[in-house]
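Biologist: Hi! Could you walk me through this one? I have a few quick questions.

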Amino acid sequence: MTGFTGNAENELYQEVVLEHKRAPRNFGHLPQPTHQAQGTNPSCGDRIAVELQLQQGRVQDIRFTGQGCAICMASTSMMTEAVKGKEVAAAQALQQHFRAVLTGEEAPEGAPLGKLVSLAGVRQYPSRIKCALLGWHALMHAIADNGNGQSVSTEEEPA
């Protein structure tokens with residue numbers, strides 16, 4: 001998003017985070033998830049569970065439950081919108097770009113993040129990067145759960 005000043009970027013970031021915290025998308029349980037995982041950030045208490053319906057290498061449906069700070073909830077909500085209906089490989093690539101932007105390894109302007117670029121402001125708050133990545137971390141573990149339907153619990157590694 002070239003052309004954004006720091007203030008405009010920060011205002012967009014705050015607006016998006018608050019909107020998704022107030023009304024998270026795809027919040028709730030799937031009737032019969034094929035894959036699922038939970039993520040916990042012990043340093044702040046955020047807990048997210050992701051449930052997937054994977055079919056033929058595609059995220060047919062996704063839901064999440066849990067509680068966390070506004071950044072955690074907004075990031076997870078936006079993640080569900082971004083990966084729903086996409087191929088698993090595309091979801092994995094998106095997670096890699098998102099993480100790279102937040103950790104400063106990739107410029108937000110060049111990353112194919114779509115609406116998720118509005119969360120790039122998190123990179124200014126290193127202690128909150130784990131909050132923004134928790135849902136994504138759970139998503140990657142859910143994808144790797146081999147379809148046994150068992151819940152995998154994980155703690156987010158340091159950013």
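Biologist: Is Phe-27 buried or exposed, or something in between?

Modeller: Happy to help; keep in mind that this is a predicted model. Phe-27 comes out as partly exposed, with a relative accessible area of 41%.

Biologist: And how many aromatic pairs are there?

Modeller: Two aromatic pairs are counted. In one of them, the ring centres of Phe-27 and Phe-64 are 5.1 Å apart and the planes sit at 90°, so this pair is edge-to-face, the cut-off being over 60 degrees.

Biologist: Where do Phe-27 and Phe-64 lie?

Modeller: Phe-27 is in the loop between helix H1 (6-22) and strand E1 (35-41), while Phe-64 is in strand E3 (residues 58-67), so the pair ties together parts that are 37 residues apart in sequence. Phe-64 is buried, at 0% relative accessibility.

Biologist: Nice. Changing topic: what about salt bridges, how many are there?

Modeller: The count is five salt bridges. Among them is the one between Arg-25 and Glu-19, at 3.2 Å from N to O. Arg-25 also meets Glu-81 in a salt bridge, at 3.7 Å from N to O.

Biologist: Why does the Arg-25 and Glu-81 pair tie together parts that are apart in sequence?

Modeller: Arg-25 lies in the loop between H1 and E1 and Glu-81 lies in helix H2 (residues 70-83), so their salt bridge connects parts 56 residues apart in sequence. Glu-19, Arg-25 and Glu-81 are linked in a network of salt bridges.

Biologist: What is the relative accessible area for those three?

Modeller: Arg-25 has 24%, Glu-19 has 32% and Glu-81 has 38%. Each of them counts as partly exposed.

Biologist: Which residue forms a salt bridge with Asp-61?

Modeller: That would be Lys-84, with the closest N and O atoms 3.4 Å apart. Asp-61 is in strand E3 and Lys-84 is in the loop between H2 and helix H3 (88-102), so the pair ties together parts that are 23 residues apart in sequence. Asp-61 is buried, with a relative accessible area of 18%, whereas Lys-84 is partly exposed at 34%.

Biologist: Zooming out, what does the secondary structure come to?

Modeller: There are four helices and four strands, and from the N terminus the order is α-β-β-β-α-α-α-β.

Biologist: And how many of the residues count as buried?

Modeller: Of the 159 residues, 46% are buried. The protein exposes about 7,700 Å², and carbon and sulfur atoms supply 48% of that area.

Terms used: Residues numbered from 1 in each chain as written. Predicted model: local features only at pLDDT ≥ 70, side-chain atom pairs only at ≥ 80, totals over all residues. Heavy atoms only, no water. Phe/Tyr/Trp six-rings, centres within 6.5 Å; stacked < 30°, edge-to-face > 60°. Helix = DSSP H or I, 4+ residues; strand = E, 2+ residues; numbered from the N terminus. Buried < 20%, exposed > 50% of the residue type's maximum accessible area, 1.4 Å probe, protein only. Areas by Shrake-Rupley, 256 points an atom, 1.4 Å probe, with all protein chains shown as cover. Salt bridge = Lys/Arg side-chain N within 4 Å of Asp/Glu carboxyl O.
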